[in-house]
Amino acid sequence: MNTSPKCAACGGSNLELGKLRGADRTAFIPKRSRSKWRCFRVKIIATSCADCGAIALSADPDKLKEVIGEGQ
Ligand SMILES: [Zn+2]
């Protein structure tokens, strides 16, 4: 994914990377996983638009592919 990220709310590109305070251990657990016996956690990345304030959450795509067994 090499396209520059854009705000889903206003289309602006003035995005700031960060995390949600108090939610540092929050993770995305994909239902589909390579392992039936191990619970894989994918770190959540938060970005906020400096133009409109919208916050978007996303999972690390490389880690997600690793967990579900794709892209290797
Ligand atoms: Zn925005």
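Which glycine follows α1, and is its phi positive or negative? Glycine 69 comes after α1, and its phi is positive, near 85°. The legends below start from the whole chain and then move to single sites.

**Figure 1. Overview of the predicted chain.** This is a predicted model, in which local features need pLDDT of at least 70, side-chain atom pairs count only at pLDDT 80 or more, and totals for chains, interfaces and linings use all residues. Residues are numbered from 1 along each chain as its sequence is written, and side-chain values use heavy atoms, with hydrogens and water left out. The protein chain holds 1 helix and 4 strands. Helices (H or I, at least four residues) and strands (E, at least two) are DSSP runs, numbered from the N terminus. Their order from the N terminus is β-β-β-β-α. Of the 72 residues in the protein chain, 14% are buried. Buried means under 20% relative accessible area, exposed over 50%, and partly exposed in between (1.4 Å probe, protein chains only). The accessible surface of the protein chain is about 5900 Å². Carbon and sulfur atoms account for 51% of that surface. Areas come from the Shrake-Rupley method with a 1.4 Å probe; for residues, only the protein chains shown count as cover. Take the contacts in the protein chain between residues at least 6 apart in sequence: 48% of them join residues at least 24 apart. Contact means heavy atoms within 4.5 Å.

**Figure 2. The zinc site.** Four SG atoms coordinate the zinc ion, from Cys7, Cys10, Cys49 and Cys52, at 2.3 to 2.4 Å. Donors are N, O and S atoms within 2.8 Å of the metal (3.2 Å for Na, K and Ca); water is not among the atoms, so sites may look incomplete. The arrangement is tetrahedral because the 4 donor atoms subtend angles of 104 to 115° around the zinc ion. Four donors count as tetrahedral if all angles lie between 85 and 135 degrees. Along the chain, the donors are spaced as C-x2-C-x38-C-x2-C. Cysteine 7 and cysteine 49 link distant parts of the chain, 42 residues apart. Cysteine 7 sits in the segment before β1 (15–18), and cysteine 49 in strand β3 (residues 42–49). Both of these cysteines are buried.

**Figure 3. Cysteine 49 close up.** Cysteine 49 is placed in strand β3. It counts as buried because its relative accessibility is 3%. Leaving aside neighbours within four places in sequence, cysteine 49 contacts Cys7, Cys10, Asn14, Leu15 and Ala54. Its C-alpha atom is 9.0 Å from that of leucine 17, and the two are 32 residues apart along the chain.

**Figure 4. Partners of β3.** Two strands pair if DSSP finds at least two bridges between them. β3 pairs with β1 in the antiparallel sense, over 4 bridges. Here glycine 18 has alanine 46 as its bridge partner in β3. Strand β2 (residues 27–28) also pairs with β3 in the antiparallel sense, over 2 bridges. Alanine 27 is matched with lysine 43 of β3. Strand β4 (residues 55–59) pairs with β3 in the antiparallel sense too, over 5 bridges.

**Figure 5. The β3–β4 hairpin.** β3 and β4 form a hairpin, with 5 residues between them. Glycine 53, in the turn, has a positive phi of about 90°. Serine 48 faces isoleucine 55 of β4. Threonine 47 stands opposite alanine 56 in β4.

**Figure 6. Isoleucine 45 and serine 58.** Isoleucine 45 belongs to strand β3. It is partly exposed, at 26% relative accessible area. Beyond four places in sequence, isoleucine 45 contacts Leu17, Gly18, Ala56, Leu57, Ser58, Ala59 and Asp60. The C-alpha atoms of isoleucine 45 and lysine 19 are 6.2 Å apart, with their positions 26 residues apart along the chain. Serine 58 lies in strand β4. It is partly exposed, at 39% relative accessible area. Not counting residues up to four places away in sequence, serine 58 touches Lys43, Ile44 and Ile45. From C-alpha to C-alpha, serine 58 and threonine 47 are 8.3 Å apart.

**Figure 7. The start of helix α1.** Aspartate 60 caps the N-terminal end of helix α1 (residues 61–68). A side-chain oxygen of aspartate 60 lies 3.0 Å from the backbone nitrogen of aspartate 62.

Key: Tetrahedral: all angles 85-135°; square planar, octahedral: opposite > 155°, others 65-115°. Polar contact = N/O pair within 3.5 Å; in protein donor to acceptor, adjacent residues only side chain to side chain.
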